[in-house]
Amino acid sequence: MSQGPRSGLSAVSAALLAMSRHLEVRDVLKTIVASARELLDAQYAALGVPDDHGGFAQFVVDGVSDAQWKAIGPLPRRHGILAAMLDEARPERLADVRKDPRFEGWPSAHPDMSDFLGLPIRDGDEVIGALFLANKNCPKPDGGCGFTEDDQELLSILAQHAAIALTNARLYERSRELTIAEERSRLAHELHDAVSQKLFSLRLTAQAAATLVDRDPDRAKGELQQVAALAAEAADELRAAVVELRPTALDEDGLIATLRTHAQVLDRAHSARVTFDSRGVRALPAAQEEALLRVAQEALHNALRHSGAALVEVTLTKRGQGAALRITDDGGGFDPTAVRSAGRHLGLVSMRDRASGVGGRLDVQSAPGKGTTVEMEVPGG
């Protein structure tokens, strides 16, 4: 077999073990692509999962930077070699993909590719994806393909196991969707029982205050204070329930895009300046991404509602195999010890629980007049 940087049974075993560690479909796809590129020592790798409308439901790449991928544009359509891989369901090994009669070009920002190896990923008779490799890192025979028959055989083994891993991940996600549906139903009942009752009490209290304004202003003031307290309790219970629902934006756009959008929305909605920056972070396990997003949301809520900050900065940076999230504001700050002793946690307990729940850690630095910094680190996968 071809002698890449990691060849032989140990490399195959490492790739298969990596695929079996993940349950989320997106994580499995990324692991398959990264494993294939490393195993066959290729410059580029991609995996496309077809939808039912002539395009791709998902298309994952490895070897292309985030900036390049953004410049390339929308997901590719099913045409040319990509369509052949899915529709004809046979391997393709080409010395120069650009010279194939089925080649239909690519966007201007697309990296240049020549030698090509692609295989369908099948679940029985169904083609559930197609795996592509391009630009083998080796000397090419004159007019020939850098990918060999041994490479094709090795990729075929990987594709068979990829089909199992992908099918298992899909089954897991379907099971989780059913669980989420049941959880949504439970939350709906809780919202009805808790929040609606508080809103009913709030309405009655407001009506009482209205009748007392003229004849007993002091009692009316007390009733209005109760209205404010009930409204705050209802808002807190509603936010606590909604926070437990996993946002669809994470699955559709990924963590970086979701955080960037969230920061932009808050920047427009508040007088404080809210910025976001990300450096070097690749995809993380789904549970870690969700925990990072939830902590960011809680920390931003605190900064914008309680600190009086003029500037809130959110950064997400690569740290080892994982990532570090940092939310810093120039607001009034607080004494963490005094907050704990007063029984007000500002969400610190839930943030620490989310961090520890995914094997991460949370650190909060603040002092009166010194602003606040919340930092969460996760290990990656």
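A residue is taken as buried when its relative accessible area is under 20%, and in this predicted model aspartate 100, with a relative accessible area of 12%, is therefore buried. Its salt-bridge partner is arginine 102, the closest N and O atoms of the pair being 2.8 Å apart. Arginine 102, by contrast, has a relative accessible area of 22% and is partly exposed.

The sheet is considered next. Five strands form an open sheet in the order 2-1-5-4-3, with antiparallel pairing. Strand 2 (56–62) and strand 3 (92–94) stand at its edges, and because each has a single partner strand, one side of each is left without a neighbour in the sheet. On average, and with direction ignored, neighbouring strands of this sheet are turned by 15 degrees against each other.

The individual pairings can be followed across the sheet. Strand 1 (residues 42–50) runs antiparallel to strand 5 (residues 126–136) and is joined to strand 5 by 6 bridges; within this pairing, tyrosine 44 has alanine 134 of strand 5 as its bridge partner. Strand 5 is in turn joined to strand 4 by 8 bridges, again in the antiparallel sense, and here proline 120 is matched with alanine 130 of strand 5. The hairpin of strand 4 and strand 5 has 2 residues between the strands, and in this hairpin glycine 124 takes a positive phi near 70 degrees. Strand 4 also pairs with strand 3, in the antiparallel sense and over 3 bridges, with glycine 118 of strand 4 as the bridge partner of glutamate 92. Of the 8 residues of strand 4, 6 are buried, and the strand is thus mostly covered.

Two helices lie across strands of this sheet. Helix 4 (residues 80–87) lies across strand 1, strand 2, strand 3, strand 4 (116–123) and strand 5, and runs at about 140 degrees to strand 5. Helix 2 (residues 25–39) lies across strand 1, strand 2 and strand 5, at about 150 degrees to strand 1. At 1.5 Å a residue, the 15 residues of helix 2 should span 21 Å, which agrees with the 21 Å that separates its end C-alpha atoms. Because 11 of these 15 residues are buried, helix 2 is largely enclosed by the rest of the structure. The buried residues of helix 2 include the hydrophobic side chains Val25, Val28, Leu29, Ile32, Val33 and Leu39, together with Arg26 and Asp27. Helix 2 is followed by aspartate 41, which has a positive phi near 50 degrees.

Charged pairs also occur elsewhere in the model, and the count of salt bridges comes to 15. Lysine 136 forms one of them with aspartate 151, the closest N and O atoms being 3.3 Å apart. Since lysine 136 lies in strand 5 and aspartate 151 in helix 5 (residues 149–212), this pair ties together parts that are 15 residues apart in sequence. Both lysine 136 and aspartate 151 are buried. A further salt bridge is formed by the side chains of aspartate 277 and arginine 279, at 2.3 Å from N to O. In this pair, aspartate 277 is partly exposed, with a relative accessible area of 32%, and arginine 279 is likewise partly exposed, with a value of 47%. Finally, a network of salt bridges links Arg319, Arg326, Arg361, Glu375 and Glu377.

Conventions
Residues are numbered from 1 along each chain as its sequence is written. This is a predicted model: local features need pLDDT of at least 70, side-chain atom pairs count only at pLDDT 80 or more; totals for chains, interfaces and linings use all residues. Side-chain values use heavy atoms; hydrogens and water are left out. Two strands pair if DSSP finds at least two bridges between them. Helices (H or I, at least four residues) and strands (E, at least two) are DSSP runs, numbered from the N terminus. Axes are lines fitted to C-alpha atoms, for helices over the stretch in contact, and angles run from 0 to 180 degrees between N-to-C directions. Contact means heavy atoms within 4.5 Å. Buried means under 20% relative accessible area, exposed over 50%, partly exposed in between (1.4 Å probe, protein chains only). The expected span of a helix is 1.5 Å times one less than its number of residues. A salt bridge is a side-chain nitrogen of Lys or Arg within 4 Å of a carboxyl oxygen of Asp or Glu.
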